[in-house]
Amino acid sequence: MHRRALALCLLLFAVPAFAQQKDRVHFRDRATGKEDSVDGDVTESPAGVKVAVNNKDRLIPAADVLRVEYVASDPVPGRLAANQAEQKTPAEAVKFYADAAKAVPPTAPDKVKRSIAFREAYWAGVAAAARDGDEFKADARKAADKMAAFVKDHGRSWEQWQVGRTAARLYGELGDWAAADGVLKALTQVGDVPPELKVDAKLTRLGYLLRAGKYADAGPLQAEMAADTATPGQKDRMAIYREALAVLPAKPAEADPAQAKRVSDAISKIEKVIAASKDPAARSVGYGVLGEVQLAHRQPRQATWSFLTVDTVYPQDADERLFAVLRLVEIFTTTGDKEGDKSRADQFRDRLPKVR
């Protein structure tokens with residue numbers, strides 16, 4: 001699970017207690033794209049984190065929160081000890097938080113218990129991501145189940161967005177699209193959140209339904225979203241999915257000239273949306289969806305270039321990048337292409353731990 005932003009967000013306890021008298025929220029500043037922080041009394045909700053500073057409240061949306069350092073966390077489990085555990089191996093970090101969860105006294109604040117459960121689930125995913133083959137399958141399943149349980153148990157917390165998305169990604173890589181959809185559907189039903197966050201959850205679910213071939217569910221969801229308030233980038237993603245669903249499920253295009261023309265038109269429209277979009281994440285989604293359409297219509301070479309573009313040029317959407325690499329593994333396994341003595345399929349298989 002190579003997610004630099006999320007990895008950074010999980011250093012909750014990096015500052016000794018004596019140096020901090022207030023909760024500290026680290027977040028992504030949308031104006032600069034850089035990390036910033038603010039100290040104050042924290043109130044949490046599904047919408048994000050509200051920080052009271054000098055009798056004024058500041059709401060940081062859940063999508064922008066990177067990490068929260070709670071004063072109340074000391075001495076359970078202790079910021080310094082947690083930081084040291086995370087500097088070792090992912091397996092040791094998982095053990096540290098599992099032990100910490102057992103050692104937390106009943107009187108500890110709920111947010112402390114929750115943050116420990118959150119970190120244990122996250123590090124379980126990191127540990128699984130480093131595995132391959134059957135070991136990955138077994139560990140990824142356990143990690144995804146742990147994250148899905150967190151979402152179910154903590155549906156009023158900002159952390160559910162991070163672990164929910166990651167759980168869905170792991171389930172998707174395992175081919176368990178039903179489990180992935182279950183987690184994402186739960187996120188779309190969270191109340192009291194900004195429209196942008198809810199639309200993002202729906203779009204994420206829509207992308208998974210399309211990738212899973214569940215067009216009967218994807219179509220109505222896409223139509224429902226037409227009335228949602230969305231950002232420009234989200235509108236671009238909606239347009240991309242709309243054009244893709246117009247030619248899916250696929251029929252052999254070469255056997256039907258009319259169908260071939262429809263597919264060609266849909267691809268052209270998707271390419272135009274991608275070119276006009278100012279949102280790199282929307283472009284990432286665009287090329288990923290373009291690859292899915294091309295692959296479904298027996299255009300593997302064109303699909304290869306689309307998926308390569310996601311991986312190398314527009315990797316901003318973590319889901320799209322992972323599934324693009326998985327598709328490249330599938331394509332090159334079929335073609336048998338090699339670079340030197342190593343197959344191209346193995347080259348991209350080796351990339352999986354880096355993009356999870």
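Q: Taking a helix as a DSSP run of H or I with at least four residues, numbered from the N terminus, which helix gives the largest share of the lining of the largest cavity?
A: In this predicted model, helix 8 gives that share, contributing five residues to the lining of the largest cavity.

Q: What makes a space in this structure a cavity, and how many of 30 Å³ or more are there?
A: A cavity is a set of points where a 1.4 Å probe fits but cannot get out, and the structure holds three of 30 Å³ or more. About 60 Å³ lies in the largest of them, whose lining is made up of R165, L203, T204, G207, Y208, R211, R237, Y241, V285, D317, D319 and E320. Two or more of these lining residues come from each of helix 8 (195–212), helix 10 and helix 14.

Q: How do you know which class each residue in the lining of the largest cavity belongs to?
A: Asp, Glu, Lys and Arg count as charged, and Gly counts among the polar residues, so R165, R211, R237, D317, D319 and E320 are charged while G207 is polar. The full division of the lining is six charged, four nonpolar and two polar residues.

Q: What lines the second largest pocket, and which residues lie nearest its centre?
A: The pocket, with a volume of about 520 Å³, is lined by 21 residues, and F136, E173, L326, L352 and R356 lie nearest its centre. At least two lining residues are supplied by each of helix 5 (133–153), helix 6 (159–173), helix 14 (318–335) and helix 15 (344–355), the largest share being the five residues of helix 14. By class, eleven of the lining residues are charged, eight nonpolar and two polar.

Q: Why are helix 9 and helix 10 called oblique to each other?
A: The axes of helix 9 (residues 215–224) and helix 10 (residues 232–245) cross at roughly 135° and come within 11 Å. Roughly antiparallel requires an angle over 145 degrees and roughly perpendicular one from 65 to 115, and the crossing angle meets neither condition, so the two helices are oblique to each other. The crossing is left-handed, and Y215, A218, G219 and Q222 of helix 9 meet M238, R242 and L245 of helix 10. Those contact residues are four nonpolar, two polar and one charged.

Q: Why is helix 8 called roughly antiparallel to helix 9?
A: These helices pack at an angle of about 155°, their axes lying 8 Å apart, and because an angle over 145 degrees counts as roughly antiparallel, helix 8 takes that description relative to helix 9. Their crossing is left-handed. On the side of helix 8 the contact is made by K202, R205, L206, L209 and L210, and on the side of helix 9 by Y215, D217, A218, L221, Q222 and E224. Six of the contact residues are nonpolar, four charged and one polar.

Q: How do you know how helix 5 and helix 6 are oriented to each other, parallel or antiparallel?
A: Their packing angle is about 150°, with the axes 8 Å apart, and since this angle is over 145 degrees the pair counts as roughly antiparallel. The crossing of helix 5 and helix 6 is left-handed. Residues making the contact include F136, A140 and F150 of helix 5 and V163, L170 and E173 of helix 6, and the whole contact divides into twelve nonpolar, three polar and four charged residues.

Q: What makes the backbone at N55 notable, and what kind of peptide bond runs from L248 to P249?
A: A negative phi is found in most residues other than glycine, and most peptide bonds are trans. N55, in the loop between strand 3 (48–53) and strand 4 (56–61), is a residue other than glycine with a positive phi, near 65°. The bond from L248 to P249 is cis, with omega near 5°, and P249 is placed in the loop between helix 10 and helix 11 (257–276).

Notes. Residues numbered from 1 in each chain as written. Predicted model: local features only at pLDDT ≥ 70, side-chain atom pairs only at ≥ 80, totals over all residues. Heavy atoms only, no water. Axes fitted to C-alpha atoms, helices over the stretch in contact; angles between N-to-C directions. Parallel < 35°, antiparallel > 145°, perpendicular 65-115°, else oblique. Left-handed = near helix turned anticlockwise from the far one by under 90°. Contact = heavy atoms within 4.5 Å. 1 Å grid on protein atoms, 1.4 Å probe; cavity = no way out; pocket = protein on both sides within 12 Å on 5 of 7 lines; lining within 4 Å. Points joined across faces, edges and corners; volume = space filled by probe spheres on them.
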